[in-house]
Amino acid sequence: MAKSVYDLFAILAPVSLPQGLSQMVLARIEKEQIRRVKISLFVFGLIGILSLVSLVAISIYFVQTLVQSGFSDYLSLIISDSQLMLGLWQIMALSLTESLPIISLILALILALVFVWSTAKAIVNAKSILLVV
Amino acid sequence: MAEESKIEEIVTEYLKPVYRLVFRLTGGAPETEDITQEVFVKVWKNLAKYDPKQSLKTWIFTIARNTTIDWFRKKKSIPFSDLKQNWGEEEERDFADNIADLESLPDELFAQAELKEKLDQAVITLSLDQRSVVTLHLEDNLTFEVIAKIMGQPINTVKSHYRRALLKLKEILHQKPY
């Protein structure tokens, strides 16, 4: 009876796995994992440092503009004369808001968030490196 | 942690079939181990992109085949025509017909002492596409539909690769007297 190619391929030399290939594959993946974590640690660390430097600079600028804007004067007036505040609260609130350096405040907040986020990411990455090593 | 245990499961389950596929495609080249490692690194890297609707085996075999093709390309040891053949649709359909006729082999062929060695050599002479189809169909028992997905080619093209491969194998196996 004629046989089929399936029978023919059954006699094809079986391919045996080299010793320790499974461990080698997992070790290679682990190596790749460490490399990836190191890269992200570097990236997030760099973002963290840059955002911190920018945050310091923007905070100085914020304080300077806050002093120049007269915000502190309005604020001390509100605190010292509550009667005036109650009578003219709408005007006072508007003056207080107008004198606030909004742009530098928003920038400072964004940078603070970026700093916190990148630092958290960098810590997680550093932890995973320490766990593997 | 879940990702780690998942990749360990995948390596345990698919290492042997992937290694065998790469071994057959490269003709048992010494780089088979490296390519296999590369395949699993790619699987790990792209695990997040894997669509669970798709068969995991098909997805892994696709990566394995593509990684082997990349290796051939880097080695520049494979002509472009071997990677992509431009046959007409009609020719492909004609070629795909009557595969069953080709699958039967005479008993005398199996009586050859040197058959295993001869078959190993015959498989190496096949093109990469033909080798892929033959290995995936005859060794891994995959259907032509699944193989078509792995190779990213129409099913009729896959069938014609298979038919051509069988013709070539028969021709080689019958060449010398036994």
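The exercises below, each with a worked solution, concern a predicted model of two chains, A and B.

**Exercise 1. Determine how far the model and its parts may be trusted, using the confidence scores.**

Solution. Begin with the whole model, which scores ipTM 0.72 and pTM 0.71. Next, take the chains in turn. Chain A has a mean pLDDT of 84, and 95% of its residues reach 70 or more. Chain B averages a pLDDT of 81, with 76% of the residues scoring at least 70. Then turn to the elements. In chain A, confidence is lowest in strand β1 (residues 3-4), at a mean of 68, and highest in α2(A), at 91. In chain B, the lowest value belongs to helix α4 (residues 80-83), at a mean of 49, and the highest to helix α2 (residues 32-45), at 95. Finally, apply the general caution: where pLDDT is low, the predicted coordinates should not be read in detail.

**Exercise 2. Describe the fold of chain A and decide whether chain A is a compact globule or more spread out.**

Solution. First, list the elements: chain A has six helices and one strand, and along the sequence they follow the pattern β-α-α-α-α-α-α. Second, compare the radius of gyration with the globule rule. The radius is 32 Å, well over the 14 Å that the rule gives for 133 residues, so chain A is more spread out than a compact globule. Third, consider the dimensions: along the principal axes, the C-alpha atoms fill a box of roughly 110 × 35 × 20 Å. Fourth, consider burial and contacts. Buried residues make up 11% of the 133 residues. Among contacts between residues at least 6 apart in sequence, 85% join residues at least 24 apart.

**Exercise 3. Test whether the length of helix α2 of chain A agrees or disagrees with its residue count, and characterise its residues.**

Solution. Helix α2 of chain A covers residues 21-69, which is 49 residues. At 1.5 Å a residue the helix should span 72 Å; the end C-alpha atoms are 70 Å apart, and the two values therefore agree. Next, identify the buried positions: these are A:Val25, A:Ile29, A:Phe44, A:Gly48, A:Ser51, A:Leu55, A:Ile58 and A:Phe62. A:Gln33 also lies in this helix. With 19 C-beta neighbours inside 10 Å, A:Gln33 counts as partly exposed, because a buried residue needs 20 or more. The C-alpha atoms of A:Gln33 and A:Ile129 are separated by 9.2 Å, although the two residues are 96 apart along the chain. Just after the helix, A:Gly70 takes a positive phi of about 85°.

**Exercise 4. Outline chain B and analyse the side of domain 1 that touches domain 2.**

Solution. Start with the elements: chain B has 11 helices and one strand, in the order α-α-α-α-α-α-β-α-α-α-α-α from the N terminus. Of its 178 residues, 35% count as buried. The domain assignment gives domain 1 (2-75) and domain 2 (88-175). Their contact takes 12 residues from domain 1 and 13 residues from domain 2. On the domain 1 side, α1 (2-26) and α3 (56-75) each supply at least two residues, and α3(B) gives the most, with six residues. By class, this side has six nonpolar, three polar and three charged residues.

**Exercise 5. Establish the surroundings of B:Thr36.**

Solution. Locate the residue first: B:Thr36 is found in helix α2 of chain B. Count its neighbours next: 29 other C-beta atoms lie within 10 Å, so B:Thr36 is buried. Leaving aside neighbours within four places in sequence, its contacts are A:Leu21, A:Val25, B:Val18, B:Tyr19 and B:Val22. One of these, A:Val25, is among the buried residues of α2(A). B:Thr36 and B:Thr68 are 32 residues apart in sequence and 8.8 Å apart in space, C-alpha to C-alpha.

**Exercise 6. Assess the backbone and exposure of B:Asn141.**

Solution. B:Asn141 is in the loop between α9 (128-139) and α10 (144-151) of chain B. Its phi is near 55°, a positive value in a residue other than glycine. For comparison, most residues other than glycine have a negative phi. With 9 other C-beta atoms within 10 Å, B:Asn141 is exposed, because the limit for that class is 12 or fewer.

Conventions:
Residues are numbered from 1 along each chain as its sequence is written. Chains are lettered from A and ligands numbered from 1 in the order in which they are written. This is a predicted model: local features need pLDDT of at least 70, side-chain atom pairs count only at pLDDT 80 or more; totals for chains, interfaces and linings use all residues. Helices (H or I, at least four residues) and strands (E, at least two) are DSSP runs, numbered from the N terminus. The expected span of a helix is 1.5 Å times one less than its number of residues. Domain bounds come from an automatic or database domain assignment. Two residues are in contact if their C-beta atoms, placed from the backbone, lie within 7 Å. Ala, Val, Leu, Ile, Met, Phe, Trp, Tyr, Cys and Pro count as nonpolar, Asp, Glu, Lys and Arg as charged, and the others, Gly among them, as polar. pLDDT is the predictor's confidence in each residue, from 0 to 100. The radius of gyration is taken over C-alpha atoms; the globule rule is 2.2 Å times the number of residues to the power 0.38.
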